[in-house]
Every structure is written in C-alpha cells, then in structure tokens.
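Here are my notes on the model you sent round. Have the viewer open while you read, and go point by point.

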Amino acid sequence: MATIDSPARRTFLGSMVKGAGATALAGAGLTTASLQAAPADSARLRSDAFDLDTPYDRRGSNCSRWDSPVRRYGDKFRYGMGIASMDFQAPPCIAEALAERCEHESWGYLSSTAGLKEGIIAWNGERHGVDLNPAQIEISAGVYPGIIAALRTFVPAGTKVLMLSPIYSGFYYHCDHTRVDAVDSPLVFRGGRYEIDWQDLESKMTPDVNAMIVCNPQNPTGNVWTEEELLRIGRLCLDKRIVVLADEIHSDIVRPGHRYVPFASLPDQAVVNNSVSFNAISKTFNLAGMKNAYFYSPNPVLMNRVKQNHRADLNTLGVVANEAAYKEGGEWFDRVLPYLHANHEFTENYLREQLPMVGYTPAEGTFLAWLDFSSVLKAINAKEMAAMHGLESPEHYFQDWLVEHSGVLLNPGSNYGSGGAGHMRMNIASARVVVKEALDAMAGALRQV
Ligand SMILES: Cc1ncc(COP(=O)(O)O)c(C=O)c1O
C-alpha cells in the first residue's frame with residue numbers, strides 16, 4: 001500500500017499546517033492504495049483533466065465527507081462513503097474562473113447576479129426543457145435556506161409538513177428549525193421499486209398539513225418521479241390546499257431509462273401555480289461549499305411571500321464558480337453522468353456476486369445507493385447493542401461497527417425517517433477503484449459475521 005507523500009501533496013499540506021485537515025491527516029495513517037496525490041496546480045488548469053478513474057484525494061482539505069469522520073473515528077476510518085458530495089476533481093473551467101477573479105484583489109460587496117441567472121435559465125432550458133423567467137428566480141445561499149424560508153411562510157409553527165419517506169435527513173432538521181411537525185408517508189418497496197402508497201398519502205393530508213416536500217429525484221431511495229406520479233401528488237395537494245415544495249437538487253443525476261420532470265413543467269398550470277421549486281448545481285458539480293442555489297415559481301404571490309422570509313448574502317467566489325459551471329461545465333458533467341451510472345452497476349453487481357446478504361435498491365437517479373443490511377443488523381444484534389450503548393438506533397450502532405471492522409463509513413438509514421430501518425446509504429460518486437476498495441473492505445468484515 002502506498003503512502004501519500006508526493007511533492008504536490010506536501011505542498012498542499014504545508015499550506016494547511018494550522019488547519020483541521022492537516023491535524024486530521026496526521027492521525028489518519030493514510031495508507032490507502034487507491035488514493036494518489038492531487039495533480040499539481042498547472043495540471044488542474046489544463047482543460048483535458050477529465051480523468052475520473054484516478055482518485056482525487058480530498059483528505060486534509062477540510063471536507064466533511066473525508067475529514068469529519070477522522071475526528072470521530074481516528075485512524076479506524078478509511079473510506080468516506082457517506083455525505084453526498086462527489087470525489088471527482090471539478091471541471092477546470094471552475095478553477096480557471098476563480099483564479100482569474102482572484103487576480104483582482106478586492107472583495108467588496110457583489111453587484112449583480114444577472115450572469116448567474118442567465119446560466120440557470122440556459123441550463124434548465126437546454127437540459128430539462130423548462131423555460132424560466134429571470135423575474136421568477138430568487139438566488140439563495142443553498143437549497144436549505146430557501147426551504148426554511150418557505151416553511152416559515154406556509155407552515156405556521158405547530159402545523160405540519162408532509163413527506164414521502166425515507167427522505168433526505170436535512171428536511172427533518174428544517175422542521176425542527178422552523179418548529180413544524182414532519183409527517184411521513186412511507187414508500188412501499190414493491191416489485192423492486194419504492195412506490196407511493198396513495199391511500200396512506202391521502203389519509204395524511206389532514207387540514208393541519210400546509211406543505212408537502214417532494215424530493216425529485218428522491219434522496220436516498222433514488223426514485224425519479226414520473227410525470228404521472230408528480231401530477232397525482234400535485235392534484236391531491238391542490239385539492240387539500242397544501243403547497244408543494246419541490247426539492248430538485250439531484251435533478252441532473254438521472255440514470256438511462258428515466259427522465260427528470262421538473263415540477264414546474266407539469267401540464268396543469270393550477271398544479272404548477274401551487275408550487276415552489278428549489279434547485280442548485282451543487283450536486284452536479286460538487287459546489288456545495290460554494291453556497292449557491294435558487295428557487296422559483298411562476299406564481300408571483302407564492303414567490304413574494306417566500307421572498308419576504310428569505311435573505312441570502314451571496315459570496316462573490318460562489319457566484320463566479322457557479323457561473324463558470326453553468327457556462328462551461330457541461331462537457332465535464334456529460335462524462336461524469338455515465339461514470340456514475342457505471343458505478344451504480346458496478347456496486348449492484350458486486351453486491352449480488354460477493355455480498356448477497358446486502359440488498360441494493362435499483363436507483364433511478366442520484367449518486368446514492370440505498371442498501372438493505374437488515375440481515376446483517378440482526379446477525380450482530382444491532383438492536384440490543386444500540387440500546388446497551390445508548391445509541392440512537394440499530395443503524396447508528398452498525399455505522400460504528402462497520403467503521404470499526406472495515407474502515408468504511410455509511411450513513412444510517414434511520415436518519416431518513418420512516419422506512420429507513422435496516423438500511424444504510426452509500427455514496428458511490430468516487431473513482432471506481434475507491435468504490436471497489438470500500439466494497440472489498442465491507443465484504444471482508446461481513447464475511448466474518
Ligand atoms: C435533497 C437534498 N436537498 C438539499 C440538500 C442540501 O442542499 P444545500 O447544500 O444547497 O443546502 C441536499 C444535500 O445532500 C439534498 O440531498
């Protein structure tokens with residue numbers, strides 16, 4: 001196993017001597033064979049740097065996917081397959097645009113987001129066939145603050161928000177933050193796909209439910225909702241006076257055979273007018289740390305109400321990076337998307353052949369694999385052990401167990417609401433060799449059970 005110690009790596013670390021990342025690295029032992037040094041800066045700026053197969057080492061860059069677990073698990077931790085960010089080196093156009101802006105060394109307030117809006121409109125028009133009007137778009141510092149503003153607007157404290165679960169854990173924090181109650185309508189795993197239980201969904205649309213969050217594609221189950229499903233949800237919500245908040249942050253990451261249907265493109269204007277959509281290209285280009293997103297609705301009444309509760313102070317470099325991605329990043333993403341699809345296929349095949357005790361949910365979109373570890377949890381008495389150690393859930397016990405026995409960190413399914421029991425979420429947006437090493441490490445641990 002190779003230890004990372006190239007000149008480029010040393011320079012990088014040298015510049016971070018006081019950073020948390022450098023401290024974390026020192027303790028991590030860093031002997032993972034697959035991970036190689038980041039390319040030198042000059043290589044990073046070359047426009048042919050679309051190499052997805054060579055692992056891009058993010059450790060020590062103060063990134064939450066690879067550096068946070070070190071603080072918790074020390075050198076037991078080896079593979080960060082949890083938090084939903086991609087490991088690939090971003091398209092060179094982003095670093096180039098940032099470098100150019102940094103040549104001008106003044107950082108006063110930002111003047112305009114017109115260029116960013118142009119990028120958003122062009123991307124959505126060309127890629128998703130949705131025609132956005134700049135006056136309808138509000139730029140935000142993340143999907144998170146946009147949805148929080150919408151919850152504050154439509155859901156008075158003490159009333160309810162409806163969601164199909166398992167669903168993105170952040171929504172439950174949004175609800176806590178805004179003092180509203182989350183109501184889950186659990187999806188039903190039927191015929192190899194998570195399906196909506198329409199009867200349950202309708203029964204949960206009580207008068208105290210004021211909004212429904214629709215996550216499309218759905219994190220963590222990977223559903224890419226069809227036009228028919230979205231229309232049916234939209235009409236039920238309209239009928240019950242429930243505003244739809246469509247979180248479409250994973251919309252670019254859709255696998256062959258499926259199509260992302262923007263909620264705002266549904267062929268029923270009354271349904272569309274009852275919705276606000278939230279999006280970003282932070283998943284598409286791994287720009288989450290650049291804090292940039294947007295929301296829109298063709299209904300000016302809804303938009304103006306949300307805007308009153310929303311305030312985003314944008315970061316100049318975030319705007320520069322996002323503009324560059326929209327304008328020039330398309331070619332890079334067109335290489336990444338099939339790679340993610342192949343990683344899903346690789347993971348599915350690996351599990352079928354080597355780890356048949358772990359179930360894989362066929363993902364229609366997202367770079368997240370939703371894995372069923374129920375039989376493993378049973379075999380290691382995760383329920384009893386979690387209770388004994390005062391842990392939140394059996395899945396949290398299994399998370400610790402897996403790091404202890406394999407070095408792989410996955411996210412506990414219980415974080416994603418009802419229906420998450422027995423499951424873990426695995427991020428497969430890495431060089432394939434890293435995905436394979438993580439699966440090999442898991443296989444080594446699970447074969448001992
Ligand atoms: C469905 C969903 N919404 C929102 C977010 C967070 O968005 P942001 O970083 O723009 O606040 C995530 C991050 O994983 C997500 O999966």
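1. Helix 6 passes helix 14 in a left-handed crossing (left-handed if the near helix is turned anticlockwise from the far one by less than a right angle, right-handed if clockwise). Helix 6 covers residues 114–128 and helix 14 residues 316–328; their axes come within 9 Å and cross at roughly 30 degrees. Axes here are lines fitted to C-alpha atoms, for helices over the stretch in contact, with angles from 0 to 180 degrees between N-to-C directions. Helix 6 and helix 14 are therefore roughly parallel to each other (under 35 degrees is roughly parallel, over 145 roughly antiparallel, 65 to 115 roughly perpendicular, and the rest oblique).

2. Who meets whom there? On the helix 6 side you'll find Gly115, Leu116, Gly119, Ile120, Ala122 and Trp123, and they meet Val319, Asn322, Glu323, Tyr326 and Lys327 in helix 14. Contact means C-beta atoms, placed from the backbone, within 7 Å. By class, this helix 6 contact with helix 14 has 6 nonpolar, 3 polar and 2 charged residues (Ala, Val, Leu, Ile, Met, Phe, Trp, Tyr, Cys and Pro count as nonpolar, Asp, Glu, Lys and Arg as charged, and the others, Gly among them, as polar).

3. A word on ground rules. This is a predicted model: local features need pLDDT of at least 70 and side-chain atom pairs count only at pLDDT 80 or more, while totals for chains, interfaces and linings use all residues. Residues are numbered from 1 along each chain as its sequence is written.

4. For the overall picture, the protein chain comes to 19 helices and 15 strands (DSSP runs numbered from the N terminus: H or I of at least four residues for helices, E of at least two for strands). Of its 449 residues, 49% are buried; buried means 20 or more other C-beta atoms within 10 Å of a residue's own, exposed 12 or fewer, partly exposed in between, with C-beta atoms placed from the backbone.

5. Next pair: helix 7 (residues 143–154) and helix 8 (residues 170–178) pack at about 45 degrees, axes 10 Å apart. These two, helix 7 and helix 8, are therefore oblique to each other, and their crossing is right-handed. Tyr144, Ile147, Ile148, Leu151 and Arg152 in helix 7 meet Gly170, His174, His177 and Thr178 in helix 8.

6. On to the ligand: 14 residues surround it, and Ala84, Gly142, Val143, Tyr144 and Tyr168 come nearest (a residue is near a molecule or strand if its C-beta atom, placed from the backbone, lies within 6 Å of it). The shell around the ligand has 9 nonpolar, 4 polar and 1 charged residues.

7. Check the backbone in the loop between strand 7 (209–215) and helix 10 (227–239), where Pro217 lies. A cis peptide bond joins Asn216 and Pro217, omega about -5 degrees. Pro220 lies in the loop between strand 7 and helix 10 too, and the bond from Asn219 to Pro220 is cis, with omega near 15 degrees.

8. Positive phi turns up at Asn286, about 55 degrees, although it is not a glycine. Asn286 is in the loop between helix 12 (282–285) and strand 10 (293–296), and counts as buried because it has 24 C-beta neighbours inside 10 Å. Lys291, in the loop between helix 12 and strand 10, has a positive phi of about 50 degrees and is buried, with 22 other C-beta atoms within 10 Å.

How values were computed. Contact = placed C-beta atoms within 7 Å.
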